[in-house]
Amino acid sequence: AHPDIGRPETMLLLHTSVAGEAAAADPLPRARSQSYCQSGAGFQNRNPGRRGVLGPLPGAGIGAVPQNAPARTRQNLAIGGAD
């Protein structure tokens, strides 16, 4: 790091998914949503893992967490083709 440039107070992690062509990116928001919901359920101990593998999503699954819905994920993350 350069001594004359201050460091930011906050760091933002942005997941990005890039496909070879735009049509191949269509299933990516649902897969990313599933990943977020699985992680959230695991952190809340609603979906305990067995031997390092999380089980199926409990209850309503992806629909139970509106901020992780595939449409919202598509809107908020960088998902698309390489162009």
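## Helix α1 and two asparagines in a predicted model

At 48% relative accessibility, Asn76 counts as partly exposed, because that category lies between under 20% for buried and over 50% for exposed. The model discussed here is a predicted one. Asn76 belongs to helix α2, which covers residues 70-76, and its C-alpha lies 29 Å from that of Ile5, a residue 71 positions away in sequence.

A second asparagine, Asn68, sits in the loop that connects β3 and α2, and with a relative accessible area of 14% Asn68 is buried. The two residues compare as follows.

| Residue | Location | Relative accessible area | Class |
|---|---|---|---|
| Asn76 | helix α2 (residues 70-76) | 48% | partly exposed |
| Asn68 | loop between β3 and α2 | 14% | buried |

When residues up to four places away in sequence are left aside, Asn68 touches Ser33, Tyr36, Cys37, Ile62 and Thr73. Of these partners, Ser33 and Cys37 are also listed among the buried residues of α1.

Helix α1 itself runs over residues 28-43, and its 16 residues, at 1.5 Å a residue, should span 22 Å, which agrees with the 23 Å between its end C-alpha atoms. Its buried residues are Pro29, Ser33, Cys37, Gln38 and Ala41; seen down the axis of α1, these fall within an arc of 170 degrees, so they line one face of the helix. The buried residues of α1 pack against β3 (53-54), α2 and β4 (78-81). After α1 comes Asn45, which has a positive phi, near 60 degrees.

Conventions. Residues are numbered from 1 along each chain as its sequence is written. This is a predicted model: local features need pLDDT of at least 70, side-chain atom pairs count only at pLDDT 80 or more; totals for chains, interfaces and linings use all residues. Side-chain values use heavy atoms; hydrogens and water are left out. Helices (H or I, at least four residues) and strands (E, at least two) are DSSP runs, numbered from the N terminus. Buried means under 20% relative accessible area, exposed over 50%, partly exposed in between (1.4 Å probe, protein chains only). The expected span of a helix is 1.5 Å times one less than its number of residues. The arc is that of the directions from the helix axis to the C-beta atoms. Contact means heavy atoms within 4.5 Å.
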